[in-house]
Amino acid sequence: PGYRPPSNAPAPGQPVPGCWFCLSNPQLEAHLVTSIGTEMYMCVDKGAIVPQHVLLIPIEHIQCSLGLNETASIEVNKYLNALKNCFA
């Protein structure tokens, strides 16, 4: 059957101690954050592949984009459209 997270995994949407990307992590490199939305935030990637490389990250801890709710998916598309307009 499908993927099952380990029994000791945190509940979906809960902060994960030490996660580099969780906004609640005191170790977060906040100077890299460029925009905070309702469901997502955007930051510059420390290991950028190209100069315009950014990351769109859910505010709630979600393991992959398949776990995004509809509102978060809509916000991702808004960010992507804005980035396309900016760099087109």
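**Figure 1. A hairpin links strand 1 to strand 2.** In this predicted model, just 3 residues carry the chain through the hairpin from strand 1 to strand 2. Strand 1 covers residues 33–36, and its pairing with strand 2 is antiparallel, over 3 bridges. Want to find some of the partners yourself? Start at Ser35, whose bridge partner in strand 2 is Met42. Then look at Ile36, which has Tyr41 of strand 2 as its bridge partner.

**Figure 2. Three strands make an open sheet.** Now follow strand 2 over to strand 3, residues 54–58: these two run antiparallel and are joined by 5 bridges. Tyr41 turns up again here, with Ile57 as its bridge partner in strand 3. Put the pieces together and you get a sheet with the strand order 1-2-3 and antiparallel pairing. Which strands sit at the edges? They are strand 1 and strand 3, as each of them pairs on one side only. The sheet isn't flat, either: from one strand to the next, the twist averages 20 degrees. While you're looking at strands, here's a handy general rule: in a regular strand, side chains alternate between the two faces of the sheet.

**Figure 3. Helix 1 lies across the sheet strands.** Helix 1 spans residues 70–87. It lies across strand 1, strand 2 and strand 3, and it runs at about 35 degrees to strand 2. How much of strand 2 is buried? The count is 4 of its 5 residues (strand 2 is residues 40–44), so this strand is largely enclosed by the rest of the structure. Cys43 is buried, with a relative accessible area of 7%.

**Figure 4. Glu75 is a buried charge with no salt bridge.** Glu75 belongs to helix 1. The nearest side chain of opposite charge is that of Lys78, and it is 6.8 Å away. A salt bridge needs a nitrogen-to-oxygen distance within 4 Å, and Glu75 has no such partner. What does Glu75 touch, if you skip residues up to four places away in sequence? Its contacts are Gly37, Thr38, Glu39 and Met40. Ser73 is also found in helix 1, and at 29% relative accessibility this residue counts as partly exposed. Ser73 and Glu39 are 34 residues apart in sequence, but from C-alpha to C-alpha they are 8.8 Å apart in space.

**Figure 5. Glu29 and Lys46 meet in a salt bridge.** In general, side chains of opposite charge can pair when their charged atoms come close. Here the side chains of Glu29 and Lys46 do just that, at 2.8 Å from N to O. A search of the whole structure finds 1 salt bridge. Glu29 is in the segment before strand 1, while Lys46 is in the loop between strand 2 and strand 3, so the pair ties together parts that are 17 residues apart in sequence. How accessible are the two partners? Glu29 counts as partly exposed, at 32% relative accessibility, and Lys46 counts as exposed, at 62%.

**Figure 6. Leu28 is buried in the segment before strand 1.** Leu28 has a relative accessible area of 18%, and the cut-off for buried is under 20%. Leaving out residues up to four places away in sequence, Leu28 touches Trp20, Phe21, Cys22, Leu23, Val33 and Tyr41. Gly18 comes 10 residues from Leu28 along the chain, and their C-alpha atoms are separated by 9.1 Å.

**Figure 7. Zooming back out, the chain reads β-β-β-α.** That pattern fits the tally for the protein chain: 1 helix and 3 strands. Of its 88 residues, 22% count as buried. Among contacts between residues at least 6 apart in sequence, 36% join residues at least 24 apart. And how many disulfides does a search of the whole structure find? The answer is 0. As for Cys64, this residue is partly exposed, with a relative accessible area of 43%.

How values were computed: Residues are numbered from 1 along each chain as its sequence is written. This is a predicted model: local features need pLDDT of at least 70, side-chain atom pairs count only at pLDDT 80 or more; totals for chains, interfaces and linings use all residues. Side-chain values use heavy atoms; hydrogens and water are left out. Buried means under 20% relative accessible area, exposed over 50%, partly exposed in between (1.4 Å probe, protein chains only). Lys and Arg count as positive and Asp and Glu as negative; His and the chain ends are not counted. Contact means heavy atoms within 4.5 Å. Two strands pair if DSSP finds at least two bridges between them. Axes are lines fitted to C-alpha atoms, for helices over the stretch in contact, and angles run from 0 to 180 degrees between N-to-C directions. A disulfide is a pair of cysteine sulfur atoms within 2.5 Å.
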